[in-house]
Amino acid sequence: LFGPAGEVHPTIFAEMTSLAVRTGAINLGQGFPDEDGPTELLEAARAAIANGHNQYPPGRGTPDLREAIAEHQERFYGIHLNPSDEVLVTTGATEALAATLLALSEPGDEIVTLEPYYDAYGALIRLAGAQPRTVPLPHPSYLPSREQLTAAITDRTRIILLNTPHNPCGVLLPRSTLEHIVALARQHNAWIVTDEVYEHLTFGVQHLPIASLPGAAERTVTISSGGKTFNTTGWKVGWLTASAEAVTAIQSVKQFLTYASGAPFQPAIATGLRLPDEYFSQIATGLQAKRDLLSEGLSAAGFEVSVPSGGYFVIADAHSVGYEDAVTLCRELPERAGVVGVPVTAFCSPEHSPAYASLVRFAYCKRTEVLREAADRLSRLRA
Ligand code: PMP
Ligand code: GLN
């Protein structure tokens, strides 16, 4: 994020999206769906605007949305929450992450996260004045080792920042890893902050929230967002659930970041969270077919592909198509094949980048015909 002279760079997504717009290439760089979500939500937002929900809502979020979030955690995970003081609505998962890291860490504290990491984590850890420490996810399993977690999490650790299902690696952290992390957090008195924005986008495996494990809830902040689950990434409605004490501390930061979050979108997201179970299983099944389509297209084009278990993204190794450096491939790909991807090193620290140098992240949360066209264009790389 920050260059050597302290200058601020555009995020990798802004850079790659403008490259796609400039070249007319298919944008598989930034992860956003190219179709609207359920009509019930769109209608609920329109109705909320028509009915005057256009001024500041309560800073914690509307009581109805907080209740819908608590019901959702109970329905899917058996997690009991008091919607009045254990739920906070935020402006996307991004604000939830920012407010949580700023509230729960002091300058100089260590924040341990998995690497590669979603780009905002590195920037937010620095904005909080904390020290990042990372546990690498080795290609191609992308699962953290027990030994490396044990070595990284110490008495200096204030926060363990997790992301499952993981962007960009597409893995879900298994129960044994989560149990080990809870034990380490308890031993070293650390907070667990878990970003679960892809919780409903899993393929044949079940998402397990760490807050549902014994001994975890009181030290865990769980973050999610309506963006991925309801194809409404532009609405920027997110939320977090935690102990009342943590929610109060985090809200004290949130009130000076944004004070409150988009009023008419809150009843719409509440409607979404109350959709029947079939909605949630169907979005996963539909996305799995897209994952398969793009993964097969990439394999046919000569890439080595790690098929993800969840989320929006597939990682492809460009080594087998003649590129050791994915940054070079991503610069040339719009011209050579009319497709945009993101080098995985955009999610890495300089120290760990070499291990991921030949990997590219492609988004498959796009319409089937767009993915077919992308696969067809990628096959030109072979020619
Ligand atoms: N966390 C992860 C892992 C993400 O991939 C994203 C982006 N889609 C976010 C957080 C940001 O979510 P939001 O748009 O709700 O702020
Ligand atoms: N989360 C999306 C991704 O990883 C993009 C979010 C953004 O543009 N900041 O591609």
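This is a tour of a predicted model, stop by stop, with a selection to make at each one.

Residues are numbered from 1 along each chain as its sequence is written, and chains are lettered from A and ligands numbered from 1 in the order in which they are written. In this predicted model, local features need pLDDT of at least 70 and side-chain atom pairs count only at pLDDT 80 or more, while totals for chains, interfaces and linings use all residues.

**Stop 1: the two domains**

Colour the protein chain by its domain assignment: domain 1 is 12-30 + 278-382 and domain 2 is 39-275. Such bounds come from an automatic or database domain assignment. The centres of domain 1 and domain 2, taken over C-alpha atoms, are separated by 26 Å. Their contact takes 27 residues from domain 1 and 26 residues from domain 2; two residues are in contact if their C-beta atoms, placed from the backbone, lie within 7 Å.

Next select α11 (277-300), β10 (313-317) and β13 (359-363), the elements that give two or more residues to the side of domain 1 that touches domain 2. Helices (H or I, at least four residues) and strands (E, at least two) are DSSP runs, numbered from the N terminus. The largest share of that side, seven residues, comes from α11. By type, the side of domain 1 that touches domain 2 has 18 nonpolar, seven polar and two charged residues. Here Ala, Val, Leu, Ile, Met, Phe, Trp, Tyr, Cys and Pro count as nonpolar, Asp, Glu, Lys and Arg as charged, and the others, Gly among them, as polar.

For an outside annotation, select residues 25-378, which UniProt lists in an unreviewed entry as "domain: Aminotransferase class I/classII large". UniProt positions are given in the numbering used here, feature names are shortened, and annotations may be inferred rather than shown by experiment. The end C-alpha atoms of residues 25-378 lie 11 Å apart, and the span is 40% helix and 16% strand.

**Stop 2: the nonpolar core**

Select Leu101, Ile160, Val360 and Phe362, which touch the most other members among the 116 residues of the largest nonpolar core. A nonpolar core is a set of buried Ala, Val, Leu, Ile, Met, Phe, Trp, Tyr and Cys residues joined through C-beta atoms within 7 Å. A residue is buried if 20 or more other C-beta atoms lie within 10 Å of its own, exposed if 12 or fewer, and partly exposed in between, with C-beta atoms placed from the backbone. Helix α4 (residues 92-104) gives the largest share of this core, eight residues. Because domain 1 and domain 2 both give residues to this core, it lies between them.

Centre on isoleucine 160. Leaving aside its neighbours within four places in sequence, isoleucine 160 is in contact with Val112, Ile153, Ile181, Ala185, Ala190 and Ile192.

**Stop 3: the ligands**

Show ligand 1 and the 14 residues around it, of which Gly92, Ala93, Thr94, Asn167 and Ser225 come nearest. A residue is near a molecule or strand if its C-beta atom, placed from the backbone, lies within 6 Å of it. With three residues, α4 gives the most to the shell around ligand 1. That shell holds three nonpolar, nine polar and two charged residues.

Now move to ligand 2, where the surrounding residues are Thr11, Phe13, Gln30, Gly31 and Asn167. One residue of the shell around ligand 2 is nonpolar, four are polar and none is charged.

Stay on asparagine 167: a cis peptide bond with omega about 10° joins it to proline 168. Proline 168 lies in the loop between β5 (157-163) and α7 (175-187).

**Stop 4: backbone details**

Select histidine 139 and proline 140, which are joined by a cis peptide bond with omega about 5°. Proline 140 is in the loop between β4 and α6 (146-152), and tyrosine 142 is placed in the loop between β4 and α6. Phi of tyrosine 142 is near 60°, a positive value in a residue other than glycine.

Lysine 236 is not a glycine and has a positive phi of about 55°. Look for lysine 236 in the loop between α8 (226-229) and β8 (238-241).

**Stop 5: glycine 129 and arginine 372**

Glycine 129 sits in the loop between α5 (119-127) and β4 (131-136). Its contacts, apart from neighbours within four places in sequence, are Pro107 and Gly108.

Finish on helix α13 (residues 368-378), which contains arginine 372. Arginine 372 is partly exposed, with 14 other C-beta atoms within 10 Å. Measure C-alpha to C-alpha from arginine 372 to glycine 297: they are 75 residues apart in sequence and 7.8 Å apart in space.
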